[in-house]
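Dear colleague,

I am passing on the structure below, and after it you will find my notes on what came out of the calculations. Please read them with the structure open beside you.

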Amino acid sequence: MKVNSVLVSQPRPAVVEKSPFYELSRNHRVEIDYKPFIRVVGVSLKEFRSQRVDILTHTAVIFSSRTTIDSFFHICEEARITVPETMKYICQTEAVALYLQKYIVYRKRKISFADGTFTNFMELIIKHKDETFLLALSEPHKPELPDALTKLHLRFDPVILARTVAADLSDVDPKRYDLLALYSPSDVKTLVEKFDPAELPAVAVFGEGTLRAAIEAGIAVKAMAPTPAAPSMVKAVDLYIGRLEAGEEIPDVELQADPRKEEFIRTQQHKLAKKSRARRPSASKK
């Protein structure tokens, strides 16, 4: 069996030759098509106000995507909210942090960013544990971040700043492809609402949430990123194609619980509890 064509559920790059998939297509002589399965749109001012969140009562904003950054500053502009110079910005990746330059002078603001992993992101947030956080979210979103902030008793308010809507897939025929590359649970949802999972080709997914959504929908997943061996979707697809060309029988990817996340949260809870007790004045000093 050979992979001749791949459909990537992302917008077509402005310069295809600079896309990581371009090198893969040349190496394996594979046709790569692009088609976003979803669109992420910012909420209206009315939708924002219905959540009864006051931006100015917070001292830091947590961002994990550029779309929520766009929506945040659009809401501020429309509502005539002047964000104070003292506001801190905690970002999941450097790319998200750099995107803030579209709206603020980067060097004058207090901006921090993690390496994209959950544990590093949480460690960064905990470093700023005395702040009052505004957690910028898209709908739908994974619950692990707000759940972790709640377990650690950090002061935060979640706010939905963007929503995911399905794109028009009327011009898509999955049977034309040997592999679909899906990037989010919303990609999976849009796909199965339009097509029978049993008739889909092999699927590669990005992220644990996407894997879970695909398996629950009855989709056979053959490749996944990020993993130690495949930190990117391109690498996961590259490895899958290589294994097929070598004649390997590739089993479906299975969902495996990651006990490290829960252990991380328990460790942080213990550390924060110890620090809290250490700050309390003793009875003799009262």
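**What was found**

Of the contacts in the chain with a separation of 6 or more, 68% are between residues 24 or more positions apart. Please keep in mind that this is a predicted model.

To begin with the whole chain, it has 10 helices and 11 strands, and its C-alpha atoms fill a box of roughly 75 × 45 × 35 Å along the principal axes. Among the 286 residues of the chain, 43% are buried, while the accessible surface comes to about 16,200 Å², with carbon and sulfur atoms contributing 50% of that area. The chain carries 43 positive and 38 negative charges, and the mean positions of these two groups lie 10 Å apart.

Next comes a pair of helices. The axes of helix 1 (residues 20-28) and helix 9 (residues 233-245) come within 10 Å and cross at roughly 10°; because angles under 35 degrees count as roughly parallel, helix 1 is roughly parallel to helix 9. On the helix 1 side, the residues that meet helix 9 are Pro20, Phe21, Leu24 and His28, and their partners in helix 9 include Met233, Val237, Ile241 and Glu245.

Finally, which residues of helix 8 are buried? In this helix, which spans residues 208-216, they are Gly209, Thr210, Leu211, Ala213 and Ala214, and their cover includes strand 9 (179-182), helix 7 (185-194), strand 10 (202-206) and strand 11 (221-225). After helix 8 comes Gly218, which has a positive phi, near 85°.

With best wishes

Terms used. Residues numbered from 1 in each chain as written. Predicted model: local features only at pLDDT ≥ 70, side-chain atom pairs only at ≥ 80, totals over all residues. Heavy atoms only, no water. Helix = DSSP H or I, 4+ residues; strand = E, 2+ residues; numbered from the N terminus. Buried < 20%, exposed > 50% of the residue type's maximum accessible area, 1.4 Å probe, protein only. Contact = heavy atoms within 4.5 Å. Areas by Shrake-Rupley, 256 points an atom, 1.4 Å probe, with all protein chains shown as cover. Lys, Arg positive; Asp, Glu negative; His and termini not counted. Charge placed at Lys NZ, Arg CZ, Asp CG, Glu CD. Axes fitted to C-alpha atoms, helices over the stretch in contact; angles between N-to-C directions. Parallel < 35°, antiparallel > 145°, perpendicular 65-115°, else oblique.
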